[in-house]
Amino acid sequence: MLCQSCGKSQATTHVKSIVNGELKEFMLCSECAKKMGYGSLFHGFGFNLGSFLGSFLGEEGAPEQTMNTVRCKRCGSSFNEIAKTGQVGCAECYRTFYDRMIPSIQRIHGNTTHVGKLASSAGMQARLKNELEKAKEELKRAIQEQEFEKAAQLRDRIKEIERQGDRHE
């Protein structure tokens, strides 16, 4: 597709803007995008986001092996491509490259187990288990930081959660 501004160069930038509730979309070449102020978010910082994310996967600069490269059976991505771009191709990639991705996920997020909010459809047992795990982590932190009053409160809260769990089994 040609640039919608100059009509000469290949469009490389897709711009969406909402003005007074009206969505406008247009495609620009890199030169017109720069002239209109749509340069890279990190332009001028010497920063490539894809390279940055790919470096977390630990394979940036690894030689591309075209022969015997393991590829995702759903999207065709290789681990080297994921490492270079910092983007996982599809959900199947997590299964295909599990052993290679776990250390990176651990390094990026600090954990490989989801500890966020539970879905509203999760049962009472799952909610109590989640709350119990969080309280135990807080208790460990309170003890390490020698906040003994807080630790005593958390200990009591843990006992209460465990009692509630026994009632709901």
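The chain has 7 helices and 2 strands, and if we walk along the chain from the N terminus, the elements come in the order β-β-α-α-α-α-α-α-α. Please keep in mind throughout that what we are looking at is a predicted model. Of the 169 residues in the chain, 21% count as buried, and among the contacts with a separation of 6 or more, 29% come from residues that are 24 or more positions apart.

Let me turn to the pair of helices at α6 and α7. Helix α6 covers residues 124–144 and helix α7 covers residues 148–167, and their axes come within 9 Å of each other, crossing at roughly 160°. Because an angle over 145 degrees counts as roughly antiparallel, α6 is roughly antiparallel to α7, and the crossing in which α6 passes α7 is left-handed. On the α6 side, the residues that meet α7 include Leu 128, Glu 131, Leu 132, Ala 135, Leu 139 and Ile 143, while on the α7 side the residues in contact with α6 include Phe 148, Ala 151, Leu 154, Arg 157, Ile 158 and Ile 161.

Two of those residues deserve a second look, since charged side chains also take part here. In general, side chains of opposite charge can pair when their charged atoms come close. Arg 157 forms a salt bridge with Glu 131, with the closest N and O atoms 2.1 Å apart, and this pair links distant parts of the chain, given that Arg 157 is in α7, Glu 131 is in α6, and the two are 26 residues apart. As for their surroundings, Arg 157 counts as partly exposed at 32% relative accessibility, and Glu 131 is partly exposed as well, with a relative accessible area of 30%.

Between these helices there is a loop, and which residue in that loop has a positive phi although it is not a glycine? That residue is Gln 146, which lies in the loop between α6 and α7 and has a phi of about 55°. For comparison, most residues other than glycine have a negative phi. Gln 146 is also exposed, with a relative accessible area of 58%.

Staying with charged pairs for a moment, the count for the structure comes to 6 salt bridges, and I would like to show you two more of them. The side chains of Glu 160 and Arg 163 meet in a salt bridge at 3.0 Å, N to O, and here both partners lie in helix α7, 3 residues apart, which is about one turn of the helix. Glu 160 counts as partly exposed at 25% relative accessibility, and Arg 163 counts as partly exposed at 47%.

The other example sits in helix α4, residues 91–96, where Arg 95 and Glu 92 are 3 residues apart and so are separated by about one helical turn. Arg 95 forms a salt bridge with Glu 92, the closest N and O atoms being 2.9 Å apart. Is each partner buried or exposed? Arg 95 is exposed, with a relative accessible area of 56%, whereas Glu 92 is buried, with a relative accessible area of 11%.

Helix α4 also holds Cys 93, which brings me to the cysteines. How many disulfides does the structure hold? The count is 0, and two cysteines let us follow the reasoning, for which we need the cut-off that a disulfide is a pair of cysteine sulfur atoms within 2.5 Å. The sulfur of Cys 6 has its closest cysteine sulfur in Cys 3, at 3.8 Å, and this is too far for a bond. Cys 93 is likewise in no disulfide, with the nearest cysteine sulfur, that of Cys 75, 3.5 Å away.

The surroundings of these two cysteines can be described in turn. Cys 6 counts as partly exposed at 30% relative accessibility, whereas Cys 93 is buried, with a relative accessible area of 0%. Leaving aside residues up to four places away in sequence, Cys 93 touches Cys 72, Cys 75, Ser 77, Ile 82, Val 88, Tyr 98 and Met 101. Cys 93 and Ser 78, finally, are 15 residues apart in sequence and 8.5 Å apart in space, taken from C-alpha to C-alpha.

Note on methods
Residues numbered from 1 in each chain as written. Predicted model: local features only at pLDDT ≥ 70, side-chain atom pairs only at ≥ 80, totals over all residues. Heavy atoms only, no water. Buried < 20%, exposed > 50% of the residue type's maximum accessible area, 1.4 Å probe, protein only. Salt bridge = Lys/Arg side-chain N within 4 Å of Asp/Glu carboxyl O. Helix = DSSP H or I, 4+ residues; strand = E, 2+ residues; numbered from the N terminus. Axes fitted to C-alpha atoms, helices over the stretch in contact; angles between N-to-C directions. Parallel < 35°, antiparallel > 145°, perpendicular 65-115°, else oblique. Left-handed = near helix turned anticlockwise from the far one by under 90°. Contact = heavy atoms within 4.5 Å.
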